[in-house]
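Subject: Structure for your files

Hello,

Here is the structure I said I would pass on. My notes on it follow below.

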Amino acid sequence: MEELNISPCACSGNKLEELGANVKKVEKKPPMLKGKALWAVLAVAVVIWYALYSQLLGFSKYFAFDLLGLVEGSRLGGTVQFFVYDTPKVLMLLGIVVFGIGIIRSYVTVEWTRKVLAGRRESVGNVLAALLGVVTPFCSCSAVPLFIGFVAGGVPLGVTFSFLISAPMVNEVALVLLYGLMGWKIATLYFVTGITIAIVAGWIIGRLGMEKHVEGWVKLATADKSAVQGSMSIEERVDFGLESVKDIVGKVWLYMVLGIAAGAAIHGYVPEGMMVSIMGKEAWWAVPVSVLMGIPMYTNAAGVIPIVEALLGKGAALGTVLAFMMSVIALSLPEMVILRKVLKPKLIAVFVGVVGCGILLVGYLFNMII
């Protein structure tokens, strides 16, 4: 038996006019484990995960300062220790978070999401779309075919944009990583500001009446079907979670490692005074420059977290760092190229302008109050 399955994060660059670009056919396989055997394996896996995770800091110090003989407190020693500690830590957090969220995602189908959004009052729809964007398994690239499906299914343009902005910007994996690495306050700020930008930006775009600036073929497209059809057993949902780990971690691990390497270099070699002068509160131009720096970068929310951690550790202002992070996620150049397949240049310009203004406002606001 075959079913349609949408990859949790498909950034392959295939032609988006082919609505099945991120849709793959898979054979439904029987669960690998069932009943007590499944729970026993999960319990053992959690114990092993925790045992390894708790030893990472000690191992990183042993590797850098004892095994390699680097001097503790030196720039090279600090860089190596940061990299050896953060790489497995972030990847282990990513794996367990994606697994748990993958199980949750097995209950949320695209068709269900479309039905929830269709027919709602626009203001209510903007809020629902932004919240649903957090829990649906789509990055900025793979959200575009969903955008097509929503427009074709009669969801208002502004509501659709709230979803399109929220889906990559308020990434649930990044949210949990932020909580684990930097605490609940920063994670909450990220969530609230990201959701607010998605709601307000979608509402503004909806008020502008720019439906004519969506490419004509989009409105004629047949909405694609969702990933998970019908009911699933708990064993099948666990398998879905494991497949999510394989798919998502397999796609982002390189970006994660590169981000950690950049963060390690910042941690070890960038003087605090220099980072404060460039991304501190006093430099009025720091926020817009950080946004402009983030646009050409190609990574996802999870990949940019280690850089954010290192920048904050070196004294960069929180608002400036949040603005940088949001621009990387929501306004990246690759996303604009993909959006051009479905939106005309004027609507893309409005999208970038509205979201960019929201990000700048967040940056300045948090630099003022924190």
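In which helix do W49 and Y53 both lie, and how many residues apart are they? Both are in helix α1, which covers residues 35–54, and they sit 4 residues apart, about one turn of the helix. Before the details, please note that this is a predicted model.

Overall picture

The protein has 17 helices and 2 strands. Of its 370 residues, 52% are buried. Taking contacts between residues at least 6 apart in sequence, 80% join residues at least 24 apart. The accessible surface is about 16,900 Å², and carbon and sulfur atoms account for 69% of that area.

Aromatic pairs

A search of the whole structure gives 3 aromatic pairs. One of them is formed by W49 and Y53, and this pair is stacked, with 4.9 Å centre to centre and 10° between the planes. The angle of 10° is under 30 degrees, which is why the pair counts as stacked. As for exposure, Y53 has a relative accessibility of 24% and so counts as partly exposed, because buried would require a value under 20%.

F59 and F63 also form an aromatic pair, a tilted one, at 6.0 Å centre to centre with 40° between the planes. These two residues belong to helix α2 (residues 56–67) and are 4 residues apart, about one turn of the helix. Both members are partly exposed: F59 has a relative accessibility of 44%, and F63 has 26%.

T193 in helix α9

The other site I looked at is T193. Is T193 buried or exposed? Its relative accessible area is 9%, so T193 is buried; the cut-off for that class is under 20%. T193 lies in helix α9, which runs over residues 184–207.

Two kinds of neighbour can be listed for T193. The first is a backbone partner: a polar atom of the T193 side chain lies 2.6 Å from the backbone oxygen of L189. The second is a set of residues from elsewhere in the sequence: leaving out residues up to four places away, T193 touches M326, V362 and F366.

To look at these places in the model, you could start with the stacked pair W49 and Y53, go on to the tilted pair F59 and F63, and end at T193 with its contacts to M326, V362 and F366.

Regards

Technical notes. Residues are numbered from 1 along each chain as its sequence is written. This is a predicted model: local features need pLDDT of at least 70, side-chain atom pairs count only at pLDDT 80 or more; totals for chains, interfaces and linings use all residues. Side-chain values use heavy atoms; hydrogens and water are left out. Buried means under 20% relative accessible area, exposed over 50%, partly exposed in between (1.4 Å probe, protein chains only). Contact means heavy atoms within 4.5 Å. Accessible areas come from the Shrake-Rupley method with a 1.4 Å probe; for residues, only the protein chains shown count as cover. A polar contact is a pair of N or O atoms within 3.5 Å; within protein, one must be able to donate a hydrogen and the other to accept it, and residues adjacent in sequence count only if both atoms are side-chain atoms. Rings of Phe, Tyr and Trp (its six-membered ring) pair if their centres lie within 6.5 Å; planes under 30 degrees apart count as stacked, over 60 as edge-to-face and the rest as tilted.
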